[in-house]
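Thank you for asking me to look over this model with you. Please keep the structure open beside these notes, and find each residue as it comes up.

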Amino acid sequence: LQSSDCGISPGFAEESIEPEEETMIKAAGNSYLVSPSLPDFHGCSPGWSSAFYGAECFDSEVHRYIKNLGKQKASESQNIDAKKVELEQLLMMETKNYRKTIKFYQKLLQKERSSKGKSPETKSVLPKLRVQLQEMKTKVQFLELVKKYIMYAEQWGVESCVLPTVIHNGRTDTADMEHVDESSLFLYYNTEKHQCNNQNGIKVLQAGTPLGLMAYLYSRNAFLEGYVQQFLYTFRYFCTQEEFLQFLLDRISRTLSSASLDPSTSLTKICNRSFYILQAWIEDCYSVDFATNTDLLCTLKDFISSKVVPLNGYGERLLSLLEDVSARKSGSAHQCISMDKCEEEGEEDRKTLHSLCKKLSEDVSRKACHQTANFNWKLSKGMGPIAQYQRERLYTISSVLPKPCYNSFTEEFPGSLTKAAEVGPYLLIEYSVQQLCCQLTLLQQEVFHKCHPVHFLNSRALGVKDKSVAIQKAVSTETVSLKVCNLFLSKCVQDQYLLQLLRNADNISTWVAAEIVTCHTSKLQVSLLSKFLLVAKCCYEQRNFATAMQILAGLENLIVRQLPAWKILPAKVAEIMEELKAVEVFLKSDSLCLMEGERFKTLPTIPSAHVLAMHVQQLETGGFTMTNGAHKWTKLRNIAKVVSQVHAFQENPYTYAPDFKLQSYLTQRITHFKDADISTLAADNCANFHQIPADKHSRKIQDTLRRMKATFQ
């Protein structure tokens with residue numbers, strides 16, 4: 001569900017203005033002027049785009065801009081400090097102007113709402129201002145990209161020949177270090193002319209030992225190639241979280257006291273790059289590595305408090321970061337009602353949602369609806385815009401809906417699940433396709449935004465298989481054996497949130513099948529079948545493939561497929577079933593099919609968790625090591641690229657206005673049927689069987705008796 005600070009529109013949803021963030025940017029900018037060696041601690045995570053695009057993330061335009069940055073005259077030589085100062089000034093100025101423009105846009109939008117669209121001046125200015133905002137946003141993002149390039153590559157990266165020194169600075173057995181060279185740590189292969197920097201014969205990492213792969217994080221080209229983010233996604237295949245943390249802490253402890261303010265020395269570069277990698281790891285993977293492993297978190301905090309804080313200002317920043325990330329994680333856990341929490345509480349009252357999504361303006365709502373036309377499948381003519389349902393009022397059914405418990409309401413609803421059970425599937429018929437699509441999408445988004453790309457790795461060890469029902473309900477999470485097909489190291493702690501995600505999908509599929517087989521008349525079954533088919537179609541057209549595939553799985557249940565209602569279903573509606581199967585084939589055809597083009601950057605998307613897990617399992621097939629024991633980095637790079645789309649999709653949330661009454665009803669019905677046996681439910685309903693007319697039935701009996709009588713004569 002969208003929080004109250006989700007912004008104005010899908011394009012500017014993340015641009016909410018916070019004074020704390022502005023202060024941090026200013027402080028980060030001033031840190032360059034105070035000391036050249038202090039790295040900017042405002043967001044060190046390279047992000048999903050680095051893992052997905054790799055070296056292509058920094059195009060030729062970035063290289064040209066950096067080449068001319070900090071040069072007053074063409075004859076002057078490049079100076080990294082001058083580049084940083086000029087870039088910070090430009091970035092702060094552009095960011096300030098961008099935020100001022102957003103505030104102005106908000107005021108105009110509010111003015112248009114208050115005048116109910118009757119102000120012609122506001123109507124003419126808003127579209128132009130929206131285009132200007134997009135241009136300013138693009139410029140700020142470009143400057144941030146340049147900043148990352150300088151911060152990681154030019155300032156703190158070391159040449160590949162220095163990488164053995166990186167290992168040496170963290171080791172005590174210095175007598176053996178003379179035998180450690182680059183060739184024993186890595187394997188490279190040469191490529192042709194690179195499209196970004198026009199250099200020939202670039203060495204690209206092919207494989208490496210675990211120690212070598214960790215040392216390569218300090219390479220000057222590691223960030224440019226997307227290696228840092230790819231490593232954070234996949235290092236658990238060849239080392240544990242404890243081993244990786246110890247590697248970083250050893251580099252810091254060996255170089256911290258010797259590092260000077262001169263950024264050109266190797267010790268300073270190794271020390272600062274260690275802090276960068278550590279912060280990027282915390283920012284990106286705290287939920288999957290530190291939140292689930294208290295010993296790892298305690299080790300890190302103890303080291304920072306005892307070794308780093310007394311000598312360097314990085315320590316306080318890292319401790320503050322850990323507190324902030326932990327607070328954000330615990331805060332998000334209480335922001336909205338999750339499906340798994342509903343399963344545990346059963347019939348308990350629903351708790352309050354701490355923040356409500358701002359309603360979209362009508363112009364933004366229409367814009368979001370028209371974006372779906374870019375997808376391969378078109379909306380049917382019978383479906384109106386999604387946003388229009390928000391204006392509808394279903395007064396006839398409000399009295400029987402279970403009442404959620406909000407902060408702004410005092411109503412209580414004892415026995416809400418009983419009410420939902422009494423109402424049955426009739427509310428599903430009364431609600432429109434658009435309403436059901438939007439609220440199911442928001443519920444699905446809630447569970448999807450809690451997952452992490454790492455959750456989709458090593459899913460075979462969790463018992464996830466390539467079949468329609470990935471998780472057997474009779475098998476609990478605790479009884480799943482981790483000894484079979486475990487691709488992570490045995491001591492590596494793995495978060496099992498993927499099982500919750502798949503169990504939620506399984507529950508929705510079961511709910512769909514159960515609602516249909518419990519209908520007591522064929523007419524009601526036809527109406528409900530049509531409703532679910534149209535909702536699934538609407539979901540995939542809005543790029544909510546998760547819910548669409550969950551509904552398809554429910555409709556493909558063996559009992560449901562044999563219902564007589566399919567024979568009297570309208571032909572146009574029945575065709576949607578084949579359309580959904582075509583979508584399923586499309587999703588299974590290519591692991592990156594949803595990342596094609598530019599649509600995924602602007603349109604919200606929720607992938608099918610099971611389909612994505614199967615794609616990752618396919619990439620995990622085969623050995624991870626070469627004959628010499630080196631780990632295949634090309635294989636790990638491809639896996640990181642596929643799972644990076646999870647973070648990419650999470651950047652663009654759906655901004656539908658939530659209908660908490662409908663969400664509460666849907667949640668209760670899904671919970672009510674989550675453990676249902678479809679065959680047992682179907683057996684108690686005569687509408688699920690082919691009925692033979694009474695006169696025809698009696699005629700058949702008489703004919704049978706007549707034939708039997710003839711045999712004895």
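1. Before counting elements, it helps to know that helices are DSSP runs of H or I with at least four residues, that strands are DSSP runs of E with at least two, and that both are numbered from the N terminus. With that in hand, the protein chain, which is a predicted model, has 30 helices and three strands.

2. Some values describe the chain as a whole. Of the 713 residues in the protein chain, 52% are buried, and the chain exposes about 33,200 Å², of which carbon and sulfur atoms supply 53%. When contacts between residues at least 6 apart in sequence are considered, 78% of them join residues at least 24 apart.

3. Charged pairs deserve a careful look, because side chains of opposite charge can pair when their charged atoms come close. How many salt bridges does a search of the whole structure find? The search finds nine, and the next points take up some of the pairs.

4. One of the salt bridges joins E88 and K147, whose closest N and O atoms are 3.4 Å apart. Because E88 lies in helix 4 and K147 in helix 5 (residues 120-155), this pair ties together parts that are 59 residues apart in sequence. Are the two residues buried or exposed? E88 has a relative accessible area of 5% and is buried, and K147, at 7% relative accessibility, also counts as buried, because buried means under 20%.

5. A salt bridge also forms between E94 and K139, with the closest N and O atoms 3.3 Å apart. This pair, too, links distant parts of the chain, since E94 is in helix 4 and K139 is in helix 5, 45 residues apart. Its two members are covered to unlike degrees: E94 counts as buried at 13% relative accessibility, whereas K139, at 44%, counts as partly exposed.

6. The salt bridge between E578 and K581, with its closest N and O atoms 3.9 Å apart, lies within a single helix, helix 23 (residues 571-589). Why are E578 and K581 separated by about one helical turn? The reason is that they are three residues apart in that helix. K581 is partly exposed, with a relative accessible area of 25%. Elsewhere, K537, E541 and E579 are linked in a network of salt bridges.

7. On the surface, K96, K100, K103 and K107 form a positive patch. Among them, K103 has its place in helix 4 (residues 80-114), and at 44% relative accessibility K103 counts as partly exposed.

8. A surface patch of another kind, nonpolar and of about 390 Å², is made by L705, M708 and F712. Where is F712 found? F712 is in the segment after helix 30 (694-711), and with 73% relative accessibility F712 counts as exposed, because exposed means over 50%.

9. Finally, S326 offers a small exercise in comparing sequence with space. S326 is found in helix 13 (residues 314-333) and is partly exposed, with a relative accessible area of 32%. Although S326 and Y286 are 40 residues apart in sequence, their C-alpha atoms are 8.1 Å apart in space.

Conventions. Residues are numbered from 1 along each chain as its sequence is written. This is a predicted model: local features need pLDDT of at least 70, side-chain atom pairs count only at pLDDT 80 or more; totals for chains, interfaces and linings use all residues. Side-chain values use heavy atoms; hydrogens and water are left out. Patches are made of residues with over 30% relative accessible area and no salt bridge: like charges are joined within 9 Å, nonpolar side chains (Val, Leu, Ile, Met, Phe, Trp, Tyr) within 5 Å. Accessible areas come from the Shrake-Rupley method with a 1.4 Å probe; for residues, only the protein chains shown count as cover. A salt bridge is a side-chain nitrogen of Lys or Arg within 4 Å of a carboxyl oxygen of Asp or Glu. Lys and Arg count as positive and Asp and Glu as negative; His and the chain ends are not counted. The place of a charge is taken as NZ of Lys, CZ of Arg, CG of Asp or CD of Glu. Buried means under 20% relative accessible area, exposed over 50%, partly exposed in between (1.4 Å probe, protein chains only). Contact means heavy atoms within 4.5 Å.
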